[in-house]
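Work through the exercises below with the model open. Each one sets a task and then gives a solution in steps.

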Amino acid sequence: MRRKRKQNTYLNKITSNLRRIKSKINKSKNIVNKMDLKEGNINSGISNLKNMEPKLWRSQQEFVGLFKNSPESLVYTDLNGITLETNKRFEALTGFSLSEARGKYLKDLLDVNILEKKNNHHYFYGSEMEIRKKDGKKINISVSCTSNLINTEELGKILLFKDITALKKNEEINNVLYNISRAANSNISLEELYPIIRKELHTIIDTGNFYIALFDEEKNSLQFCYQVDETGEKNEELLVFKDNQSDNIFHYIFKTGKSLLLNYNKYKKMIREGHFSSYDVITNKQIWLGVPLKIADKTIGSMVVQSYTNPKLYSEKDTKLMEFVSQQVATAIDRKRAEDRLKTLSLYDHLTGLPNRALFYDRIKQEIAYAKREHKKFALMFFDLDNFKEVNDTFGHDIGDRLLQEIAKRFKNLLRETDTICRLGGDEFIILLARLTRPEDNIADIIQKIVDTLNKPFTIESHKISISVSIGISLYPDNGQTGEELIKNADKAMYRAKKDSTNHYCWAI
């Protein structure tokens with residue numbers, strides 16, 4: 001977006017001087033024309049001309065001084081855009097000397113049509129654009145232009161350039177950080193946040209090969225949570241291997257909290273010195289740039305970009321840039337991880353990781369809506385462990401908790417993706433069997449699998465523990481129209497089964 005800036009005082013001063021000089025020249029020409037051709041008047045006119053010459057010379061010198069010594073980059077062109085004069089600041093900005101620029105079209109010199117008129121205006125202020133320097137490098141500039149008008153006659157144009165490359169870069173960085181922060185505060189998941197981070201960073205640095213590794217406190221290891229690599233599937237296998245190692249570049253950055261910019265020689269040197277190992281094939285065309293992800297003084301992981309083909313792709317300047325943006329990236333990731341943890345605590349059982357009562361009721365509502373629409377049936381199976389109290393009394397609650405975790409794992413392995421198992425609390429579990437085609441047959445098969453798998457003893461810290469279950473079953477819509485009714489009726493059926501014998505089940509009535 002182009003923004004208007006205030007007109008520079010140098011443009012005012014220079015154009016005022018040009019007008020004053022022209023006015024004095026015109027006035028001096030008219031002195032003789034307007035006087036009577038008398039000897040006294042002629043002598044007087046000649047005397048006035050002589051008196052004006054020093055003033056005119058001083059005005060010309062003042063104009064030259066303002067133009068040449070301006071702290072801003074200035075160019076003077078004719079009406080066709082041909083360069084007539086430049087100052088030293090212009091040469092410093094663009095690399096073109098006066099001799100190289102004079103006589104050339106400004107648009108050809110800088111590879112942009114700066115003087116393209118809009119709405120027939122003779123001036124514009126603070127117009128932003130990109131120009132090409134002599135060395136071919138592109139920079140962002142702000143251009144102000146005013147016409148040299150004498151008595152409404154346009155004689156040329158004076159342009160003032162300001163280098164705003166750093167300003168534009170800062171604006172880009174701020175936009176990137178804003179977009180990442182906004183994404184982190186939205187309802188997207190952590191997995192959805194990673195590609196947004198990469199996409200935003202790609203506007204300020206090459207992220208063709210991009211990796212994020214985060215420390216998992218529960219597993220006490222660094223985990224590769226996101227990677228984009230041009231080597232594709234081969235690299236997926238490599239990352240699995242790297243994930244099991246604790247002495248690669250990702251772990252080094254995480255452990256030391258230091259950034260690394262490594263070309264081939266530096267990479268090999270650090271390997272020889274024993275700082276880390278390399279498990280992939282490296283060439284002298286590669287370069288690595290990695291920074292730690294930090295929250296205050298705590299390092300939560302590492303972020304790395306890499307090139308396989310351009311060893312000059314990244315510089316120390318890019319290292320500073322990555323260090324700066326990594327703080328916001330780490331904050332965004334940490335925020336989203338905290339949200340995920342809170343979500344897990346609110347919707348999942350902290351011991352077994354199974355859906356809790358709140359999430360289970362939501363799943364039932366969804367399944368009821370589907371069953372009504374498609375005229376389908378589903379079942380609820382209410383489980384109670386028959387002799388769990390004896391396990392706690394004999395081996396202790398720690399072993400009892402471990403047993404519940406192992407039972408949950410076995411249950412999950414028996415179910416389809418469409419089914420849901422929930423721990424209601426204590427030793428009570430409930431399973432939603434969704435979208436059944438033949439409810440009685442389907443449920444009989446599931447019950448037999450559950451009984452068989454629980455009949456196999458559990459080994460926990462050298463203790464062999466056997467367990468049995470009582471099961472109550474309710475069917476939608478036969479035994480209830482709401483989740484509460486279905487759970488209540490399945491619970492009653494479970495208590496009837498428990499009275500009969502162990503490893504027994506009953507249908508709701």
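## Exercise 1: the surroundings of a glycine

Leaving aside residues up to four places away in sequence, G472 touches L380, M381, F382, A490, A493, M494 and C506, where contact means heavy atoms within 4.5 Å. The model is a predicted one, in which local features need pLDDT of at least 70, side-chain atom pairs count only at pLDDT 80 or more, and totals for chains, interfaces and linings use all residues. Residues are numbered from 1 along each chain as its sequence is written, and side-chain values use heavy atoms, with hydrogens and water left out.

Task: place G472 in its element and decide whether G472 is buried or exposed.

Step 1. G472 belongs to strand 16; helices (H or I, at least four residues) and strands (E, at least two) are DSSP runs, numbered from the N terminus.

Step 2. The relative accessible area of G472 is 0%, so the residue is buried. Buried means under 20% relative accessible area, exposed over 50%, and partly exposed in between (1.4 Å probe, protein chains only).

Step 3. F382 is 90 residues from G472 in sequence, yet their C-alpha atoms are 5.0 Å apart.

## Exercise 2: a helix pair

Task: find how helix 6 (residues 165-184) and helix 7 (residues 190-201) are oriented, and which residues meet.

Step 1. The two helices pack at an angle of about 170°, and their axes are 9 Å apart. Axes are lines fitted to C-alpha atoms, for helices over the stretch in contact, and angles run from 0 to 180 degrees between N-to-C directions.

Step 2. Helix 6 is therefore roughly antiparallel to helix 7. Angles over 145 degrees count as roughly antiparallel, under 35 as roughly parallel, 65 to 115 as roughly perpendicular and the rest as oblique.

Step 3. From helix 6, N175, V176, N179, I180, A183 and A184 meet L193, I196, I197, E200 and L201 of helix 7.

Step 4. These contact residues divide into 8 nonpolar, 2 polar and 1 charged. Ala, Val, Leu, Ile, Met, Phe, Trp, Tyr, Cys and Pro count as nonpolar, Asp, Glu, Lys and Arg as charged, and the others, Gly among them, as polar.

## Exercise 3: helix 12 from end to end

Task: describe the start, the buried residues and the end of helix 12 (residues 357-374).

Step 1. At the start, a side-chain oxygen of N356 comes within 3.2 Å of the backbone nitrogen of A358.

Step 2. The buried residues are L359, F360, I364, E367, I368, Y370 and A371. They pack against several elements, including helix 11 (316-347), strand 11 (377-385) and helix 16 (483-500).

Step 3. After the helix comes H375, with a positive phi near 55°.

## Exercise 4: unusual backbone geometry

Task: locate a cis peptide bond and two positive phi values in residues other than glycine.

Step 1. Recall the background: most residues other than glycine have a negative phi, and most peptide bonds are trans.

Step 2. The cis bond joins Y476 and P477, with omega about 5°. P477 sits in the loop between strand 16 and helix 16.

Step 3. E461 has a phi near 50° and lies in the loop between strand 14 (458-460) and strand 15 (463-465). With 52% relative accessibility, E461 counts as exposed.

Step 4. S462 has a phi near 70° and is also placed in the loop between strand 14 and strand 15. Its relative accessible area is 68%, so S462 is exposed.

Key:
Polar contact = N/O pair within 3.5 Å; in protein donor to acceptor, adjacent residues only side chain to side chain.
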